[in-house]
Structure formats: structure tokens, C-alpha cells
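Biologist: I would like a close look at a single part of this model, taken slowly and with its surroundings. Could you walk me through the helical region of one chain and the contacts and charged pairs that go with that chain?

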Amino acid sequence: MKRFFLKAKDIISLLNDPAQAASLSKLNWQILIKVLRKEQLLARFAINFKRQNIALSDDEISAHLDVHLGNSIKIAIRQSQSVKFEIAELARLLGQSSQQLILLKGAAYSVMNNLASEGRTYGDIDLLAAKDKIDSFEKILNTYGWTGKEVNDYDDKYYREWSHEIPPLMHSSRGTVIDLHHNLVPIISGRAPNIELFVKDAIPVADMNVLRPSAMTLHSAVHLFLNEDYDHGLRNIHDISLLISEHHSAEYWADIYSLATESNFSLELYLALRYCKKLFNTTVCESTYRKLGKKHASLIKNAYWDLVFHGALAPKHPLVTGPINKLGLLLAYIRGHAAKMPMKVLIPHIFTKAYREVVETFAGKSYFVKNQDTQK
Amino acid sequence: MHFQLEVAPFKLNIQTTIPLVIDNLTKLYPPQLLTSVDDNSLADYDVSIDYSGLVRKYIKPQCSFKFDQFEPFLGLPIGHAYANLEWGMNYVIASNIFNYLIIHSGIVAKNNKAVLFPAPPGSGKSTLTAYLQGQTSWRLLSDEMALIDPETLEAIPFVRPICLKNRSGQLVQQWFPEVAVSTIAGNTHKGDVVHVSPSKFSWEQRKTRAEIKSVVFPRYDPDVELEVYALTKTQAFMQLAENAFNFSLLGVEGFETIIQIIEKVDCYEIVYNNVKEVEKFLDEEVLFES
């Protein structure tokens, strides 16, 4: 790393090969830590960097890393314990019926103790239940202390009518948040799959279930590429890369290909493989990748997607982002919204959200917050 | 203005354009701790305090505190900007530092023997801390956060201006007429607040660790000069754990650190209205060595 200032692609290359960080300057270490902290990848980097057992020649840097990498690992370990505790607690409270639930994303990685669980931090616990059981699960969770976070009327309507989940449920004393889903993508998108295809062969673990590896990977891909929210885009594509590396086998590729085709998510799978390869050099099944490419890609489409997703999946800290990435991110935002909602819903939705953002820009973030005295 | 503030054991890069903040920082911190940002000096965290929103610089001005890109609090009136920065720095340390056990506590030392005053707001701990750190051979480690090294159980100073509420600000200025005082942040969620600069000796010793000698839970009562109760180890443990910011995140490590402290020190609860009597008690009963 001779370059004076780290750029976005250096951050990704350091994520792939933490040993390169050994020669970073003090300034670049500060950039790297800030950027990875924002991307929620600091703990994952820290674990891999520590594994290299690199002796740093500069004592001051060494002490700085002991504090900041060490603390990020402590947070990740504690969060993982806490997620496992919450899952065990849910299973205990729900008894037999917990076996009807499927853990998704981070919580699933965590109970599997897979590669993607290393240094993973969590916003919430995602659960999938059959649609006709959602109301009863919501009521049971309410009685055990998980209550709906306050959302405004517009957002509540959005959740109840168009979404694939109910508004988040927060535990009244521990503050942990559960997202209860009945499908993997919003109903309004018209893309909601036959959920049976995904939950088939779910794996029982921790008195609940997780999706089988191919379905778990495809869900993560769908979640990333059929979405407008790329705040943790880099972390999410990195998760997918780790899932692929861990499960890479002939059966896995055959299963993920047929699942993606049947559920109509082969484009999302194509994009996931494309950017895992491009960003992390992930080993993927080349024949599967070619088949998907034939179906979806062209030179022009690839060039467009590269513009969009190099922006959306790049680190977003202002220290390392540039105008091209910002354009990509904006396009990804529009693309994600358009993919999730039909135009007659999308246009009013964007106006409602944009109005709020404009007001917040001028009047400050607290304008829409009802009770300003709760500030601590 | 972009500068680095050394608040040992940490270094923070601070960005602000609000004159009130710059004036107060220059008034309360020794000049050698405020330096320009140097790329070769590793800063632990970047924070900023600035006008929130474009219009809000001119109409009903508000400020907002940011930890790097993240804004943890709602905007506050511009008159609270400096206090908001100090509280923001507390928040950043309390929510990111896990290599020390952090207890919500005043902490002072004499001859490198430290006394902790863990207590909820309103117990008079800041006033007591402010009084003691101004007495000969006493010094401040912190008025708000006791940092404890889990390996050595030593207290690490985190010397910063002391936050005083309502009448205690005036009281401290009567005790120490020469003390440097910030502008008043009026009508905050804690009342009218001022920050005062610690003693010269406290600043000089800001990197000298101290051995924890005692844990004293203070409670101000205008009708009681001084009453002292010895606490059992169990009572002291519970109170200390309740006042630890990062107890739950540290898990077993935090638990064991508190146990070890409790086992080696004496723990008291005091009810007082006379800080001089408290000083006498600490001198004669707690720190006295024959």
C-alpha cells in the first residue's frame, strides 16, 4: 500500500487480504478504521487481521489497533451472545410453536456459526413465519414484551398493505428488535415467490430453523439486489461471498440455480455472483454463471449494472467515496424502489419520503420527532 | 475550525465553526492540549458540533453533534453547543471503549490513592468531586467516568472540565474564585449547566494512574452534616454494577473486575451537607496509613 490516501477499492482489497494492512501509514489506518466502522465490517476485518499475527514495527499503531480492533471484536462477540440468548429465550417462550419459525440473515448465520457470522453485527432478528400464523405470533410476542415500535400512519399502512413483514417489534426492557416476515420480498412488488420453494428442506437448529444453504444464499442475494437500501451494501455482498465460499459444491450450485430459476430470481443470483467475483474474487461455478449471463446480460446491461452496483456496494464514507459512486448509489436507490413497487404506489411514496428529507435538511432532523424532551 | 484535543488517554479530532464552542474550549482546556490536526497523530475518534440544517444557522439556531458520520442526538439550542459537545464526547467514550471498565462516577485521588463516588445525577457527586480536586494534594481523575484497567485494577485519569448544575456552579465559584468557567447553558435537560476547569495539578497529573482505595456512595442531604455507613460487599457490588456504563457489554470480564475491586477496597455510603467534613473523613479514615 504505497498510495497516500486509501480509496474505496483499497478498502475492499484490504478486506480480501488483511495482511496488506501491515504497511499502512497512521493516516491510512485512521481512514480504514473509520470506513470499516461505518460499513459495519470493522470486527470482521479485525478478526481476520489478528489471525495473520502480524508484528507491527510501530508501537503507537500497535497500541491503537489493540484498542480499536480489540473493542470491535468485543462488540461482535457480545452481540452474537445476545442474539443467541434472544433466540433461546424466544424458543423457550414459544415452546413447540418455535419450530414453525425460520431464522433469516444475520440471526441465521449466528446460530449456524458459519463464516458469515464471524464479526457480524446485528440490527435486529429476522423471523419468517407462515402468513396465516403471523397474527398469532404477533399477539404472542406482544404478551411477552415485544411491542410495535412507533411508526407514523403512512409507514404503518406501507407495512400492513404492501410489505412482506409487519412493523418491527421491540422488547420493552432489552430493546432487542424482531422483524416478523411472511415472505422474502414485498407483496406489492409482484415478485414475492412461492415461499415453499425456499423453506423446503429447512434445517432445524436452536429449536427453530434456518434455510438450506442454497436458499439462504439466494435470499441474501434477493435481499441485496431487490432493494433500495444499500447502507450496508458492502457488508451484505461480503456475507454472500462467505456463504458461497463455505458451501461451494456441485449439489449446492445445481440447487441454487434451479431455485433461482423457479422463483424467478435468476437475475438477482447473476448480480450476486458477478459482484462477488468482481469485488472479492470469489470462486463461483463458472458454468452456472455463464448460463445466468446468457439469460440476463449484455455488454450494455453489464456496463450499466457496474455503474450502479460499484456505487451501491462500495464503502460510502465521504473519505473514500466519489461522484461516480454517488451516482451509482442514486441509481440503485431508484432501481430498488422501482423494482419493489408499481408506479402508482412508487411515485406518491417517493414524494412522501422526499418531502421529509427536504424539510429535515432545512429545519434539522428533529422536526418530525414528536417529543423532543426524550433526548438524553 | 478543525483541531485535535488530547483528553488522555484518548485523542479526539473535533470539527466546529461555532464561536461559543471554540471560546469555551480555549478557556477551559490547557493550550497545549488543543493542537491542529496532525495526520501522523493517531486520533481515536472524530466528532463535530455544528449548526443543524441550512436555515437553522439563522432562524432559531440549533446545533447537532456528530460522531464521525453518525448523529446520536436530536438538535439542541445553540446556547447548549459547548455542553452538548462535552456530553457527546462522554457518549462516544462510554459507547465505544471496552478495554476499560467504565463506571458512572466521580473520582479523585490524593497521593495516587483514588476514591470513587459512583452515584446517580442529583446526589451531589460533581459538587463533592469539584471541591476535593481543588484541595491541596488532591486531584481530579474524572467527574463523570471512572476508567478502570481490568488487568491492574488501576484507575486511569480522564481529566476534563467538570459539569455543574444549577446552584453548585455558583458554590464552586465561591470556593475557587480563580477557576475558569464556561458560559452557562441555560435550561438544559439537566437544568442550568456550567463546566469548570479542573485544578492545575489535576491537568499536570492527567496521565498518572492511581490505585483504587475506596468506593464511597454519596448522597447530599441539607439536614445532615455527615453520616457514614459501611456497606457490605454485596450491596457495594450491586451499586457499582448498576453504575457501570459498559458492564453488560464486558460480560464476564466486567463482572470479575467489579468483584476484584470490591474485595480489595472499603465501601461506604455517606450522607452529607458539609464537604469539609467529607474531606476530613477521607483523610483520617479512608486514606490514612499508619
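Modeller: What follows is a description of one helix pair, its surface, and then the salt bridges of the chain.

Please keep in mind throughout that this is a predicted model. Chain A contains 16 helices and 7 strands, and 53% of its 376 residues count as buried. Among the contacts in chain A with a separation of 6 or more, 67% are between residues 24 or more positions apart. The accessible surface of chain A is about 17,200 Å², and carbon and sulfur atoms contribute 55% of that area.

The part I would examine is the pair formed by helix α14 (residues 299–312) of chain A and α15(A), whose axes come within 6 Å and cross at roughly 100°. Because angles of 65 to 115 degrees count as roughly perpendicular, α14(A) and α15(A) are described as roughly perpendicular to each other. On the side of α14(A), the contact is made by A:Tyr304, A:Trp305, A:Leu307, A:Val308, A:Phe309, A:His310, A:Gly311 and A:Ala312, while α15(A) contributes A:Ile324, A:Asn325, A:Leu327, A:Gly328, A:Leu329, A:Leu331, A:Ala332 and A:Arg335.

A:Leu327 also belongs to a nonpolar patch on the surface, together with A:Leu330, A:Tyr333 and A:Ile334, and these residues have about 340 Å² of accessible area together. A:Ile334 is found in helix α15, which spans residues 323–340 of chain A, and this residue is partly exposed, with a relative accessible area of 45%.

Turning to the charged pairs, a search of the whole structure finds 25 salt bridges over all chains. One of chain A is formed by A:Arg44 and A:Asp239, with the closest N and O atoms 2.7 Å apart. A:Arg44 lies in helix α3 (residues 42–51) and A:Asp239 in helix α10 (residues 233–247), both of chain A, so the pair ties together parts that are 195 residues apart in sequence. Both partners are covered: A:Arg44 is buried at a relative accessible area of 4%, and A:Asp239 likewise counts as buried at 1%.

For a pair in chain B, the side chains of B:Arg160 and B:Glu86 meet in a salt bridge at 2.7 Å, N to O, and B:Arg160 and B:Glu86 are buried. Returning to chain A, salt bridges that share partners join A:Arg44, A:Arg120, A:Arg235 and A:Asp239 into one network.

Methods. Residues are numbered from 1 along each chain as its sequence is written. Chains are lettered from A and ligands numbered from 1 in the order in which they are written. This is a predicted model: local features need pLDDT of at least 70, side-chain atom pairs count only at pLDDT 80 or more; totals for chains, interfaces and linings use all residues. Side-chain values use heavy atoms; hydrogens and water are left out. Patches are made of residues with over 30% relative accessible area and no salt bridge: like charges are joined within 9 Å, nonpolar side chains (Val, Leu, Ile, Met, Phe, Trp, Tyr) within 5 Å. Accessible areas come from the Shrake-Rupley method with a 1.4 Å probe; for residues, only the protein chains shown count as cover. A salt bridge is a side-chain nitrogen of Lys or Arg within 4 Å of a carboxyl oxygen of Asp or Glu. Helices (H or I, at least four residues) and strands (E, at least two) are DSSP runs, numbered from the N terminus. Buried means under 20% relative accessible area, exposed over 50%, partly exposed in between (1.4 Å probe, protein chains only). Contact means heavy atoms within 4.5 Å. Axes are lines fitted to C-alpha atoms, for helices over the stretch in contact, and angles run from 0 to 180 degrees between N-to-C directions. Angles under 35 degrees count as roughly parallel, over 145 as roughly antiparallel, 65 to 115 as roughly perpendicular and the rest as oblique.
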